[in-house]
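Trainee: Could you take me through one part of this model in detail, namely the surroundings of the ligand, and then place that part beside a few other elements of the fold?

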Amino acid sequence: MPNYFGSCVLFSQPTDGVNGRDVGICDLDSGSPPDVAHHQTEGQTIALAETGKLEGHPFGGYYNYVTPMLMVRDPEILRTVLVKGFSNFHDNDFHMDVSLDPLAGRNPFFLKGERWRTVRSQITPAFTSGKIKPMFSLMTEVCQEMKTYLEKVSPQGPVEVKEMSNKYTSDVVASCAYGIKGDAFTNPDAKFLKAGKNLFKASGWGTAKMIILIFFPKLASFLRLRFISKEIEQFFRSVLRDVLSLREKSGIVRNDFLQLLIQIKAKGQLPLTQQDKLANENTKKIPTGENTNYGDEDILAHATTFFLDGYETSAATLSFILLELALNTDIQETLRTEIDAVLDEDQGELSYDAINRMKYLGMVVSETLRLHPPGLSLARVCTKACEIGESPGPVLKVEQGTVVTIPINSLHMDPQYFPDPERFDPERFSEENVQQKLRFVYLPFGEGPRQCLGMIQFVISFRFALAQMKAAVASLVSNFEITLNKKTRSPIVIDPTCLMPCVIGGIWLDFKPRGRAKSV
Ligand code: HEM
């Protein structure tokens, strides 16, 4: 899960900083360095100044309130931090006390060092394509429910699509991770949806708590603040207790993530499928940790990981995809032509293979994630002093404990990588254009050994995060014409108090049924 607040405070004010956008408070060449400077390059002190620009510099410094931070923006140095030198930068800049917050405290995103390595290797095999592919039918069931809901509500007026996307992703998580129906489209009091809103709500104490948790981890520890409140933890506990006991009693086996976690507990580790073995032969090594002491508490925490890391990120993205399609009706039409053609070939069935053949759909999703990445930045802690950069360019000694910020959003808006960056243009992600050249400048899912688990790819590209968004978009675009309603503020304004990017006043769209012969 990304560090949005870091970005929110530091980069969200468009300034005349790097390339006309973002980064307001960094400068390598400041004439009068403040006294916090402590990074050395070839014997020289790099100033962490309060104003200035980073243009042309591979890295620079700024303050996170009172803490000096290092920002890296050069793709080669990013490769060092995220991949080549991962052993020197393996931790995220978060602190979550497992005794205080047992569910968030077991989420890989918050774990550090060896503990992170163990948990990541325990649950990674659950994300391989062979294990996740059968979950696709669970996603399409939710797509059907969303379609039925829209057929009912859209004739009455515009629909707020962030709310609708939250219903969709909470139902997908309820089904794939907890093995129950979320009912967000039919029940106004749906419990999973409520839990999600509660976790990510942006107001009053909720926002203040997040700021303390993210920027003042020691104070958060002292105040014993939790990411997941006791009330929500209780809700997840009771849901899981009921589902586990039902499965035990009835012997029900379901193709879902929960079943895989139950298997880890029973067998010590997940057996590799044929596909997984093939992946290993092709050196896409899938880690399979020995899972000693994997118990119900771990099952609960890792099912909740699905919720915590996948629910809001995916809902925010889905809502922005729909917004961009409504703003760019020509692109929507091109996409619809592709979706119709693939569905016609498959007698109207929306299958996993069908969405994989929809290349333009993938490009639309990728371009949306460039313009609207849910995580605006990453923050890695230097775990072992080292040097970054290469002579004749600047070389920097990074001290242990230094936090390195990776400005995802600024890279995505940098015209040297993405010309005319404000323009929504899926062609940037056509096969000819992508290749290697976007590595380390396009980072919506991070990179390296800590890359988003919802995105890892083994053998064939079933990535959970992408699949759930593509299924929803394919279903919506094939069934409805989507247009912007004037209730949406124009131009849109991002609400700085939201944990993940969201639009002030909401995204209101009109959905006109197309009446396809066979519905998906
Ligand atoms: C649009 C959807 C999503 C986006 C944009 C997104 C983005 C991210 C990003 C930027 C990170 C940090 C990566 C890094 O540090 O290099 C991350 C981590 C993670 N994500 Fe996602 N994510 C999405 C959906 C999901 C879903 C659906 C799941 C689960 C099913 C998931 C599970 C995780 C986990 C477990 C981590 C922590 C990985 C670790 O630290 O080892 N994400 N995600």
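Mentor: In this predicted model, helix 13 (296–327) and helix 19 (464–479) each contribute at least two residues to the shell around the ligand. Helix 13 gives the largest share of that shell, with seven residues. The ligand has 26 residues around it, and those that come nearest are Asp 309, Gly 310, Gly 446, Cys 452 and Gly 454. Sorted by class, the shell is made up of 13 nonpolar, nine polar and four charged residues.

Turning from the ligand to the strands, an open sheet is built from three of them in the order 6-12-11, with antiparallel pairing. Strand 6 (159–160) and strand 11 (480–484) each have a single partner strand and therefore stand at the edges, with one side of each left without a neighbour in the sheet. Between strand 6 and strand 12 (residues 508–513), which run antiparallel, there are two bridges, and Val 159 has Leu 509 in strand 12 as its bridge partner. In general, the strands of a sheet pair through backbone hydrogen bonds, whether parallel or antiparallel.

A further element that can be checked against its expected geometry is helix 10 (residues 230–250), whose 21 residues, at 1.5 Å a residue, should span 30 Å, and this agrees with its end C-alpha atoms, which are 30 Å apart. Just after helix 10 comes Gly 251, which takes a positive phi of about 70°.

How values were computed. Residues are numbered from 1 along each chain as its sequence is written. This is a predicted model: local features need pLDDT of at least 70, side-chain atom pairs count only at pLDDT 80 or more; totals for chains, interfaces and linings use all residues. Two strands pair if DSSP finds at least two bridges between them. Helices (H or I, at least four residues) and strands (E, at least two) are DSSP runs, numbered from the N terminus. The expected span of a helix is 1.5 Å times one less than its number of residues. A residue is near a molecule or strand if its C-beta atom, placed from the backbone, lies within 6 Å of it. Ala, Val, Leu, Ile, Met, Phe, Trp, Tyr, Cys and Pro count as nonpolar, Asp, Glu, Lys and Arg as charged, and the others, Gly among them, as polar.
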